Every structure is written in structure tokens, then in C-alpha cells.
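Trainee: I've got a model open and I'd like to learn how to read it. Can we go through it together?

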Amino acid sequence: LFFPLLSLLLPTRYVIKRYRSRTNWYMDLFILVLGAAIMGAIIGPLKNAEQIGPHDGGKMALNNLMVVLVFGTLSTIGSLSTFSHNKLIFWRESSQNASVFAVWLSRNAVDLLFVCFQTLVFAGVVYDMTTPLMSMSNFWLIYFAIAIANSGLGYFLSTLIPRRNLTLYAALLVMLIGAFFSGTMPFLRILKKDVLSPKGSF
């Protein structure tokens, strides 16, 4: 009987906390829409498949990298508050044998709804303004995977880094990882040839 009650109590309590801090979520959502609109305006509508030249691939890759970096950074920053807020309450409750796994699972389950909606909003704006050569469902799935990965990174960082430095360090880390390990700068084939295999073979 205790576990079913706990499985309802923790998500309900976290939903109430999210509702009380809904103004912050509205601001996060506004920044997501603003970032998507700015990226869409910078990139503009993509060419049709017949109009893409041999030198357009690198430009398209860099454009996509810019959008992914913006969305990944905002997703990471938006997830920092899930575990960084109320740390003292969490440690007090866990010291009284409250299940850490139950807290983690309940907050992730609730946040998943917000992640899905935020991804839909961001991907919808970018898709409408850039008209990529894929379906909206595939486009959303790509950015949903990015949101899941970066939200997890935000959860992890929020448990390690002090709160006063958390946002700055998280944004810097996402930008560095995304810029240098994305397979775009440099391209994977160049990385394999010049860095991983200087002699041209493994």
C-alpha cells in the first residue's frame, strides 16, 4: 500500500511545484520560441532537392548545427531547476529513508510532458520557417532525442555544480561539446583521416 501511495504523492507534489513556478516556465517557453524564430530567420527556407548544389552540404550542416546548439543549450538550462531547487529538502527526506529512485522517476515522468511540448513548439517554428527536406514527424523526433539527451545532461550537472555557477557552466559545456564533437566541425571523415588515423587507416 505504501508504494502506490508514494508513486502518486511524489508526482503530485512535483506538479504543484511546477504550477507554482509556471511563470519561469512561461519565460523558458518564450525564450525557446524566440530562439527558434531567430534561427529560422537567419537560415531561411531551404532549397528544393533539385536546387541543392555540391557545395551546399557544408552550409546546411553548419546551419543545422547552429539550430541544434541553440536548442540543446536551452533544453539543458531549462532542466537545471528540476533537481537543483529544493536540494536541502531532498537530502533531508532521503536521510529519512525516502526513495531517491522514486523522486528521480517522478520528476522525470512529469518533466517528460514539458519536454515533449517544448520540443514540439521549437521544432514547429523552425520547421515552418526553414522547410527542411523531411517530414515534420521525423524533424520532431530528431529534436526530441536532442531534448532528452540535453535534459539528462542538465539533470546530471545540477547534482554536481553549485547552483550559483550552474547556468553558466552548463551553457558553456553544451556549446563546447556541441561545437567540437558534433561531427560537423571538423567533419567526421576529416576527423577520422587527420586525427584518429594519421596514416589513413586504423
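Mentor: Sure, here's a round of questions and answers on this chain. It's a predicted model, where local features need pLDDT of at least 70, side-chain atom pairs count only at pLDDT 80 or more, and totals for chains, interfaces and linings use all residues. Residues are numbered from 1 along each chain as its sequence is written, and side-chain values use heavy atoms, leaving out hydrogens and water.

Trainee: How many helices and strands does the chain have?

Mentor: Helices (H or I, at least four residues) and strands (E, at least two) are DSSP runs, numbered from the N terminus. Going from the N terminus, the elements read α-α-α-α-α-α-α-α-α. The tally is 9 helices and 0 strands.

Trainee: Which helix gives the largest share of the largest nonpolar core?

Mentor: A nonpolar core is a set of buried Ala, Val, Leu, Ile, Met, Phe, Trp, Tyr and Cys residues joined through side-chain atoms within 4.5 Å; buried means under 20% relative accessible area, exposed over 50%, partly exposed in between (1.4 Å probe, protein chains only). The largest one here has 15 residues, with Val67, Phe71, Phe122, Val126, Phe139 and Tyr143 making the most contacts inside it. At least two core residues each come from H2 (22-43), H3 (56-78), H6 (100-130) and H7 (136-158). The largest share, 5 residues, is from H7.

Trainee: Where is the kink in H6 centred?

Mentor: H6 has 31 residues and spans 43 Å from first C-alpha to last, close to the 45 Å expected at 1.5 Å a residue (that's 1.5 Å times one less than the number of residues). The bend at a residue is the angle between axes fitted to the seven residues ending there and the seven starting there. In H6 there's a kink of about 25°, and its centre is Asp111.

Trainee: What kind of aromatic pair do Phe83 and Tyr155 form?

Mentor: Rings of Phe, Tyr and Trp (its six-membered ring) pair if their centres lie within 6.5 Å; planes under 30 degrees apart are stacked, over 60 edge-to-face, the rest tilted. For Phe83 and Tyr155, the centres are 5.2 Å apart and the planes sit at 90°, so the pair is edge-to-face.

Trainee: Why do both of those residues count as buried?

Mentor: Phe83 counts as buried because its relative accessibility is 14%. Tyr155 is buried too, because its relative accessible area is 10%.
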